[in-house]
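Here are my comments on the model you sent, set out as numbered points. Please read them with the coordinates open.

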Amino acid sequence: MRVYGDGPGEASIRRPECVYAELVGGPLDGQLLDVTGWSAEQLVDGALLICESGMYGPGGRSDYAGRPGEAGRLYWRGDVP
């Protein structure tokens with residue numbers, strides 16, 4: 001799986017010391033996000049991730065958030081400018 005933030009053409013390398021969450025749905029579906037050090041609250045709140053292939057193109061962001069009791073996955077909630 002590709003790690004979010006790796007550039008095009010770069011090899012995605014999962015680091016054993018890192019904790020990852022899978023991005024589910026939307027333009028970043030299937031990528032992994034490094035969530036090392038995130039609290040349970042931060043995982044539920046999620047993150048706005050820069051996404052050039054989303055609805056708003058370059059500079060737009062995709063909103064991904066977790067669900068209580070479901071660790072390891074962040075779900076797409078939509079795109080924002």
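1. Strand 3 and strand 4 run antiparallel and are joined by four bridges. Within this pairing, Leu49 stands opposite Ser62 of strand 4. I should say at once that the model is predicted, and the remarks that follow are to be read with that in mind.

2. The side chains of strand 3 alternate between two faces: Ala47 and Leu49 point to one face and are buried, whereas Leu48 and Ile50 point to the other and are not buried. The two buried residues, Ala47 and Leu49, also belong to the largest nonpolar core.

3. Which residues make up that core? The largest nonpolar core has 10 residues in all, namely Ala21, Leu23, Leu28, Leu33, Val35, Ala47, Leu49, Cys51, Tyr64 and Leu74. Two or more residues of this core come from each of strand 1 (20-24) and strand 3 (47-50). As general background, nonpolar side chains in soluble globular proteins tend to be buried together.

4. Leu33 deserves a separate look, as one of the core residues. Leaving aside residues up to four places away in sequence, Leu33 touches Tyr4, Val19, Tyr20, Ala21, Leu23, Trp38, Leu49 and Leu74.

5. Is Asp63, in strand 4 (residues 61-67), buried or exposed? Asp63 counts as buried because its relative accessibility is 16%, and the cut-off for buried is under 20%. Beyond residues up to four places away in sequence, Asp63 touches Ala47 and Leu48, as well as Tyr75, Trp76, Arg77 and Gly78.

6. Arg77, one of the residues touched by Asp63, is found in strand 5 (residues 70-80). With a relative accessibility of 54%, Arg77 counts as exposed, since the cut-off for that class is over 50%. Its contacts, again not counting residues up to four places away in sequence, are Asp45, Asp63 and Ala65. The C-alpha atoms of Arg77 and Val24 are separated by 9.8 Å, although the two residues are 53 residues apart along the chain.

7. On internal space, the count comes to one cavity of 30 Å³ or more, and the largest cavity holds about 30 Å³ of space. Its lining consists of Cys51, Gly54, Met55, Tyr56, Gly57, Gly60, Arg61, Ser62, Asp79 and Val80, with strand 4 and strand 5 as the elements that give two or more residues to it. By class, the lining residues of the largest cavity divide into four nonpolar, four polar and two charged. Cys51 appears in this lining and is listed in the largest nonpolar core as well, while Ser62, another lining residue, is the residue that stands opposite Leu49.

Definitions and conventions:
Residues are numbered from 1 along each chain as its sequence is written. This is a predicted model: local features need pLDDT of at least 70, side-chain atom pairs count only at pLDDT 80 or more; totals for chains, interfaces and linings use all residues. Side-chain values use heavy atoms; hydrogens and water are left out. A nonpolar core is a set of buried Ala, Val, Leu, Ile, Met, Phe, Trp, Tyr and Cys residues joined through side-chain atoms within 4.5 Å. Buried means under 20% relative accessible area, exposed over 50%, partly exposed in between (1.4 Å probe, protein chains only). Contact means heavy atoms within 4.5 Å. Two strands pair if DSSP finds at least two bridges between them. On a 1 Å grid over the protein atoms alone, a cavity is a set of points where a 1.4 Å probe fits but cannot get out, and a pocket is an open set with protein on both sides within 12 Å along at least five of seven lines; lining residues have an atom within 4 Å of a point. Grid points are joined across faces, edges and corners, and a volume is the space filled by probe spheres set on the points. Ala, Val, Leu, Ile, Met, Phe, Trp, Tyr, Cys and Pro count as nonpolar, Asp, Glu, Lys and Arg as charged, and the others, Gly among them, as polar.
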